[in-house]
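Trainee: Got a minute? I'd like to go through this one with you.
Mentor: Sure, pull it up and ask away.

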Amino acid sequence: MDPHDSPEEAAFRAEARSFLTAHAKPLPSTALAMSAIVAEWSADEEAQRLAEAKTWQRTKFDAGWAGIAWPTVYGGRAGSVVEELIFKMEESEFDVPHDALVVGLGWCGPAVMQHGTAEQRDRFLRPLLSGDEVWCQLFSEPGAGSDLAGLNTKALRDGDEWVLTGQKVWTTFAHHADWGLCIARHDPSAAKHRGLTAFMVDMQTDGVEARPLRQMTDSANFNEVFLNDVRVPDHLRIGEVGDGWRVVISTFMWERFNAVGGSLRVIDALADLIRERGAAADAKVRQRYADIYSRAGALKYTFLRLMTALSQGRMPGPEGSVMKLAATDLLTDVFDLALAVMGGDAQGYGGDAPWEGEWHSGFLGTPGMRIGGGTDAVQRNIIGERVLGLPKDLRVDTDRPFSEIPTGA
Ligand SMILES: Cc1cc2nc3c(=O)[nH]c(=O)nc-3n(C[C@H](O)[C@H](O)[C@H](O)COP(=O)(O)OP(=O)(O)OC[C@H]3O[C@@H](n4cnc5c(N)ncnc54)[C@H](O)[C@@H]3O)c2cc1C
């Protein structure tokens, strides 16, 4: 029960909890529900966890608990976004795979729903929601991350097909993906945001090559992806020709919005860890925890504001940036304190280690969360410009044809 719930939301929460209790075990008290994005997994573990994530997604789908806010025609529940969030919060208390399918479910699915044709929605949304088809997001490139509109992958029209050529990078789970949501440049003579088009790429097509990249967590769950003359039928273009930037913006909005998820559970777990280690007697530890706890309270308040906006049919805009920035700042401090309290025990890795090594996974994984979905600096620019009304970042290339922008500008 959450004191902020309306009576209807409280009833929904109870129903969700009873489904979860019937189908999953509660998380052990010494587990954190770490997101798959920051997990420390070997290739074998990763394949196994992905299979488990698909099975869990199928269980929810068959019982009508996948896609709470998705239309029933695609296997969803036609509930509200607030209910979707309530379910996610409850789910974070259970020992089920967290976030392994988030790229498709949380980022690409909403983009297909918003920008796809009726045929595309019919073809793609059910298998995505049931976990049968895994998606990845082919946006970033070696020379285009924060300045994504400067991307170079080319899309050349050839009759009823497009030929995609270029390189993407940091593509989470591309090596497991069936489909990729890809942004490419169809018109280098247009201004850089306007010459982009979005495509759904079958990752098994000839010319698609995903090579995993190892992170400092020792996992290799993201990739560089080479697109070597990849042929994509025009019916897999998503949105109009030239609509690619709109697809990017809406995908990022959902990505930032999904960044917080169940991660606030870690605040309570940190208190347990401090008690378990007898560190509550240390005044500095208490002060650091009090700071974390009060910032978590402020974050919950931002989260509630966002939920209110969603329940009134307004889409989250810069609020997503505020939330992502505050959440990743907070998580950084949470894992710093956890490691300080654990001392040498934090070095342990895997099932035999205290807390199965999850505190140090979080410590090594959180810096990635500060980068993915737009870096901290980019979120600060958005907040400065769109919330505080500060002067805009200097941009000299917005209206020039892309082909006339010197490389690296
Ligand atoms: C864990 C993880 C998962 C990811 N998954 C995906 C994925 O699935 N698909 C995908 O397409 N991408 C993915 N990414 C890539 C991510 O979106 C980019 O790394 C991110 O947008 C930053 O781009 P960049 O790495 O090119 O850094 P750059 O843009 O080169 O930034 C370098 C530095 O310059 C700063 N900077 C840049 N521009 C500005 C500015 N205007 N003002 C102030 N500072 C600035 C940045 O903050 C940063 O510190 C992932 C990244 C991570 C870490």
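Trainee: Which domains is the protein chain divided into?
Mentor: Domain 1 covers 7–100, domain 2 covers 135–247 and domain 3 covers 259–387. Keep in mind that this is a predicted model.

Trainee: OK. What separates the centres of domain 2 and domain 3?
Mentor: Taken over C-alpha atoms, their centres are 31 Å apart. Domain 2 puts four residues into the contact and domain 3 puts in six.

Trainee: And what classes of residue are on the domain 2 side?
Mentor: Where domain 2 touches domain 3, there are three polar residues, one nonpolar and no charged ones.

Trainee: Now the ligand. Why does it lie between domain 2 and domain 3?
Mentor: Because both domains give residues to the shell around the ligand.

Trainee: Which residues come nearest?
Mentor: Of the 21 around the ligand, those are Phe-139, Gly-145, Ser-146, Gly-372 and Ala-377. The elements giving two or more residues to that shell are strand S1 (135–138), strand S3 (161–172) and helix H11 (376–387). By class, the shell has eleven polar residues, nine nonpolar and one charged.

Trainee: Switching topic: how do H1 and H3 cross?
Mentor: The axes of H1 (residues 7–23) and H3 (residues 81–91) come within 10 Å and cross at roughly 40 degrees. That angle makes H1 oblique to H3, and the crossing is right-handed.

Trainee: Which residues meet there?
Mentor: From H1, they include Phe-12, Arg-13 and Leu-20, and from H3, Val-82, Ile-86 and Glu-90 are among them. The contact of H1 with H3 has six nonpolar residues, six charged and no polar ones.

Technical notes:
Residues are numbered from 1 along each chain as its sequence is written. This is a predicted model: local features need pLDDT of at least 70, side-chain atom pairs count only at pLDDT 80 or more; totals for chains, interfaces and linings use all residues. A residue is near a molecule or strand if its C-beta atom, placed from the backbone, lies within 6 Å of it. Helices (H or I, at least four residues) and strands (E, at least two) are DSSP runs, numbered from the N terminus. Ala, Val, Leu, Ile, Met, Phe, Trp, Tyr, Cys and Pro count as nonpolar, Asp, Glu, Lys and Arg as charged, and the others, Gly among them, as polar. Domain bounds come from an automatic or database domain assignment. Axes are lines fitted to C-alpha atoms, for helices over the stretch in contact, and angles run from 0 to 180 degrees between N-to-C directions. Angles under 35 degrees count as roughly parallel, over 145 as roughly antiparallel, 65 to 115 as roughly perpendicular and the rest as oblique. A crossing is left-handed if the near helix is turned anticlockwise from the far one by less than a right angle, and right-handed if clockwise. Two residues are in contact if their C-beta atoms, placed from the backbone, lie within 7 Å.
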